[in-house]
Amino acid sequence: MGKALDNLAKFDSNNVCILVIDDDVTTRTLLKKLLAAMGAARIWEAADGIEGLEIAFGDLTPDLILCDLGMEPIDGLAVIGAIRATGKTHLSKVPLVVFTGSHEKAILDGALNAGATGVIPKPHTPRDLAKYLCGLVSRTKPSSDDLKEFRDAAKQDSDEPKP
């Protein structure tokens, strides 16, 4: 992943804090490396939805939340619902991006309807992901066309045979 981290988009601010909620330790580790290379000041990791909500509702509000859908005992949709329904106004408006191994339209749309800012199917390229996340944190939400291009590229990458 070393060369993949070269020439990544960087966060505009040097104090960006991000919460990664995923039950897969490898995914969390790779995302942490990517986010650090992008200039994130603080990266919190949560191994499940309960831990993620404890961190999210803590004293420090993240600037961005990255969340998997398929987790136990609380899945990503429940995490989204709790965050969007909170009375903590700043937290309820934090960009929340869902990662999923699914490319099914119903699942992607379900996450968006639950309140996700964006849904990124796995796998993804570090460069494209960095550009997308930087746009969210800088409060310049990518257009739906940008998200469609990102999803199409991810699907194409996943369809190609692996060496």
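Reader: I'm new to this one, so let me start with the surface. Which residues gather in a patch of negative charge?

Author: Keep in mind that you're looking at a predicted model. To find a patch like that, look for side chains of like charge that sit on the surface within 9 Å of one another and have no salt bridge. Here the patch is made of Asp-23, Asp-24, Glu-72 and Asp-75.

Reader: Let me pick one of them. Where is Glu-72 found?

Author: Look in the loop between β3, residues 64-68, and α3, residues 76-85.

Reader: And is Glu-72 buried or exposed?

Author: The idea is to check the relative accessible area: under 20% is buried, over 50% is exposed, and anything in between is partly exposed. Glu-72 has 64%, so it is exposed.

Reader: That loop follows β3. How many residues of β3 are buried?

Author: Five of the five, so β3 is largely enclosed by the rest of the structure.

Reader: Which residues point one way from β3, and which the other way?

Author: Leu-64, Leu-66 and Asp-68 go one way, while Ile-65 and Cys-67 go the other. Both sets are buried.

Reader: Now for its neighbours. In what sense do β1 and β3 pair?

Author: To read a pairing, follow the bridges from one strand to the other. Strand β1, residues 17-21, runs parallel to β3, with four bridges between them. One place to look is Val-20, whose bridge partner in β3 is Leu-66.

Reader: Over how many bridges do β3 and β4 pair?

Author: Four, and the sense is parallel. Strand β4 covers residues 96-100. Try Cys-67 here: its bridge partner in β4 is Val-98.

Reader: Let me try a loop again. Where is the place of Ala-40, and is Ala-40 buried or exposed?

Author: Ala-40 lies in the loop between α1 (25-37) and β2 (42-46). With a relative accessibility of 14%, this residue counts as buried. You can also compare sequence with space: Ala-40 and Ser-13 are 27 residues apart along the chain, and their C-alpha atoms are 8.4 Å apart.

Reader: On to charged pairs. How many salt bridges does a search of the whole structure find?

Author: Look for a side-chain nitrogen of Lys or Arg within 4 Å of a carboxyl oxygen of Asp or Glu. The search turns up four. One of them joins Lys-32 and Glu-45, at 3.3 Å from N to O. That pair links distant parts of the chain, with Lys-32 in helix α1 and Glu-45 in strand β2, 13 residues apart.

Reader: Which residues are linked with Lys-32 and Glu-45 in a network of salt bridges?

Author: Arg-28 completes the network. As for accessibility, Lys-32 is partly exposed at 37%, and Glu-45 is partly exposed at 29%.

Reader: What about a pair inside one helix? By how much of a helical turn are Asp-109 and Lys-105 separated?

Author: About one turn, because they are four residues apart in helix α5, residues 105-114. Their side chains meet in a salt bridge of 2.7 Å, N to O. Asp-109 is partly exposed at 26%, whereas Lys-105 is exposed at 60%.

Reader: And which residue does Asp-128 meet in a salt bridge?

Author: Arg-127, with 3.1 Å from N to O. Check the accessibility of each: Asp-128 is partly exposed at 22%, and Arg-127 is exposed at 54%.

Technical notes:
Residues numbered from 1 in each chain as written. Predicted model: local features only at pLDDT ≥ 70, side-chain atom pairs only at ≥ 80, totals over all residues. Heavy atoms only, no water. Patch = residues over 30% accessible without salt bridge, like charges linked within 9 Å, V, L, I, M, F, W, Y side chains within 5 Å. Areas by Shrake-Rupley, 256 points an atom, 1.4 Å probe, with all protein chains shown as cover. Lys, Arg positive; Asp, Glu negative; His and termini not counted. Charge placed at Lys NZ, Arg CZ, Asp CG, Glu CD. Helix = DSSP H or I, 4+ residues; strand = E, 2+ residues; numbered from the N terminus. Buried < 20%, exposed > 50% of the residue type's maximum accessible area, 1.4 Å probe, protein only. Pairing = 2+ DSSP bridges.
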